Amino acid sequence: MPEDLLSELNSDAKQSSAHPASVVREAYLSALKHLPRQSAQTEFGPVETPDLSQSPGRTNQTDDPIGMGHVWTQLPRLSEVTRSDPGRPLRTRVIRRWTGVVEEVLDDLFVGRLTPSKKSAEELVAEFTTDEVSDDDLPLLRPGAWFYVNVAKQTFADGRQATISSLRFRRLSRWTEEELAIAEERAAKVAELLREE
Amino acid sequence: VTSYSTPKAEEIEISLLGPGIGESVVVHLGSGDWMVVDSCRGRGSATSAPLEYLEEVGVDVGRQVKLVVATHAHSDHIKGIADLFDRCEAAQFVFPRASESRDFLTLLQLDEMAEQEPRAYDEFAKVLDTLTSRSKVLGRTPKIGAQEGSLLFRRAATPGRAGAEVLGLAPSEAAVERAIQEFGHWRDLLGQNPGRVRTGDPNTYCAVLWITVGEVNILVGADLLTGPGSDCGWNGVLLSPFRPEGKASYFQVPHHGAPNAHHSQVWEEMLEQDVLATLTPYWGGQRPRPQPSDQQRICALTSRAFITCKPDLPTQPNLVRTDAAHLRAIATNVRFRTGFIGRITARRPPVGIAEWEVALVAPARDFCA
């Protein structure tokens with residue numbers, strides 16, 4: 001079965017214009033699904049992983065099954081990542097992104113106005129509990145503070161998908177004396193205009 | 001009512017527009033003179049709602065609009081006001097007098113320099129650009145700083161034509177001073193992280209207008225709060241030596257009916273009995289306004305109250321529910337910031353005993369039914 005599968009992968013990979021590394025990874029993931037499973041004790045507890053000793057790559061390290069100049073021996077390195085860190089996603093894709101402004105801060109929550117990254121989308125209002133704000137960011141939480149909200153989709157080696165979200169307050173370089181002076185100077189010119197009668 | 005029609009030449013018309021967050025008041029002062037107080041946008045629209053309305057009723061916006069008023073710098077009152085003013089070529093721009101102060105203008109510059117979208121005062125900055133270019137053509141800057149006692153518009157009465165006057169009732173002198181003092185905080189920003197520019201609470205130095213056309217008085221309350229203190233907010237209006245004689249038959253209820261803007265003395269001393277009261281809701285905060293208790297209070301004071309849309313949050317469309325689902329791990333109560341524009345239009349002649357004739361455009365509704 002692996003022989004058939006790899007030949008199929010080989011043919012797919014040749015037709016693909018994707019980056020060789022990603023092709024290898026995709027081919028590897030598909031191949032893993034068809035391998036026998038074995039259990040391993042890891043720092044995350046017992047994890048079931050493919051038994052790579054039974055893969056053709058283990059027996060012939062010079063094979064180039066997908067014809068992309070990558071040898072099968074590279075693949076176990078990926079498997080080791082999977083084996084030792086099963087919680088680590090293979091791919092994370094941001095699917096929604098907003099810039100937020102804190103409108104109102106209450107005891108244990110705050111109300112934020114969310115402007116979507118897509119120009120065509122509408123603004124939203126949402127409530128966030130302060131538990132979602134990291135300790136580092138808490139001092140920044142006040143009306144008018146800017147924050148970023150990202151929602152991402154993660155794909156794991158076993159095909160599982162998860163949606164994750166993050167909330168981070170904006171940190172910029174701090175106002176300098178020079179910048180404040182520039183602002184004051186520009187304001188003085190506008191004030192002069194407004195005072196004209 | 002869904003159709004639009006132009007009011008008669010001498011008829012007063014006042015329309016309150018509101019999309020759930022934001023409001024605007026459009027007034028026909030008679031004789032083809034119009035004014036706009038604040039601006040908002042409806043869901044899915046990039047155009048200022050009052051501008052859309054004026055065009056629908058066939059107003060020559062460039063010539064007939066005499067005043068564009070920004071009562072205060074809250075985003076729900078100034079969305080689209082720069083585009084509106086840009087089109088109203090013959091209009092004076094009115095804003096609370098504190099906004100002319102050098103410290104406020106410095107905060108505006110810092111807002112621009114922070115290079116962050118959305119900018120808090122982008123609309124104001126654009127208005128200043130328009131004022132600058134118009135001042136070069138006109139040889140004067142077409143703007144007025146509003147405060148108690150400031151005369152913003154005056155048209156003398158002539159045979160067959162009622163006179164019209166727009167007077168500023170707020171901010172009080174004390175509120176202006178207090179605001180300017182607060183704006184000075186920019187000097188403490190040295191070494192601080194740029195956030196959205198803070199200009200105190202703009203509701204406390206918000207402009208309030210008393211409009212008189214013929215024998216009819218209209219009180220536009222915007223977002224003015226009762227205080228702070230005895231000399232600011234509605235407390236300041238009631239104490240002001242500029243407070244006009246007479247009572248208003250139309251009241252735009254301030255601050256979306258919230259109790260912190262309710263002053264019973266205003267209802268007793270400045271408004272006619274069973275005044276026509278109109279208001280917009282506010283869906284933006286943690287607690288939408290007006291609350292049922294606000295409704296009870298207002299409807300106990302008048303039987304004729306109307307609101308531009310339902311005070312409670314409407315069912316959100318699928319698009320928002322999808323976003324809410326994505327955000328469920330960190331956020332609750334996810335909703336659109338704006339809804340569709342509801343409109344309350346009231347008309348009456350400027351003289352004689354007459355009732356306001358009210359027309360509602362959905363989702364506007366009778367508030368006390």
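**Exercise 1. Find the strand that holds B:W34, and work out whether this residue is buried or exposed.**

Start with the address: in this predicted model, B:W34 sits in strand β3 of chain B, which covers residues 34-37. Next, look at accessibility. The cut-off for buried is under 20% relative accessible area, and B:W34 comes in at 2%, so it counts as buried. Now see what surrounds it. Skipping neighbours within four places in sequence, B:W34 is in contact with a list of residues that includes B:P7, B:E13, B:H28, B:L54, B:V65 and B:K66. Take B:K66 from that list: it lies 32 residues from B:W34 along the chain, yet their C-alpha atoms are separated by 5.9 Å.

**Exercise 2. Lay out the 8-strand open sheet of chain B and say which strands stand at the edges.**

First, write down the order: β6-β5-β4-β3-β2-β1-β15-β16, with mixed pairing. Then check the ends. β6 and β16 (357-361) each have a single partner strand, so one side of each is left without a neighbour in the sheet. From one strand to the next, the twist averages 15 degrees.

Zoom in on one end: β15 (residues 342-348) and β16 of chain B pair in the antiparallel sense over 5 bridges. For a concrete bridge, go to B:T345, whose partner in β16(B) is B:A359.

Last, add the helix. α1 of chain B (residues 49-56) lies across β1 (12-18), β2 (24-28), β3, β4 (65-69) and β15 of chain B. Its direction is at about 140 degrees to β1(B).

**Exercise 3. Which residues have the most contacts inside the largest nonpolar core, and which helix gives the largest share of it?**

Begin with the core itself: it has 52 residues, and B:V65, B:V68, B:F93 and B:F124 have the most contacts inside it. The largest share, 6 residues, comes from helix α5 of chain A, residues 177-195. There is also a second, separate core of 32 residues, with B:V37, B:L67, B:A162 and B:I344 among them.

Pick B:V68 for a closer look. Beyond four places in sequence, it touches residues including B:V36, B:I81, B:L84, B:F85 and B:F93.

**Exercise 4. Test the span of α5(A) against what its 19 residues should give, then find what covers its buried residues.**

At 1.5 Å a residue, the helix should span 27 Å; the end C-alpha atoms are 27 Å apart, so the two agree. Among the buried residues of α5(A) are A:L180, A:A183, A:A187, A:V190 and A:L194. Their cover includes β5 (92-96), α5 (102-113), α6 (122-138) and β6 (143-146) of chain B.

Conventions: Residues are numbered from 1 along each chain as its sequence is written. Chains are lettered from A and ligands numbered from 1 in the order in which they are written. This is a predicted model: local features need pLDDT of at least 70, side-chain atom pairs count only at pLDDT 80 or more; totals for chains, interfaces and linings use all residues. Side-chain values use heavy atoms; hydrogens and water are left out. A nonpolar core is a set of buried Ala, Val, Leu, Ile, Met, Phe, Trp, Tyr and Cys residues joined through side-chain atoms within 4.5 Å. Buried means under 20% relative accessible area, exposed over 50%, partly exposed in between (1.4 Å probe, protein chains only). Helices (H or I, at least four residues) and strands (E, at least two) are DSSP runs, numbered from the N terminus. Contact means heavy atoms within 4.5 Å. The expected span of a helix is 1.5 Å times one less than its number of residues. Two strands pair if DSSP finds at least two bridges between them. Axes are lines fitted to C-alpha atoms, for helices over the stretch in contact, and angles run from 0 to 180 degrees between N-to-C directions.
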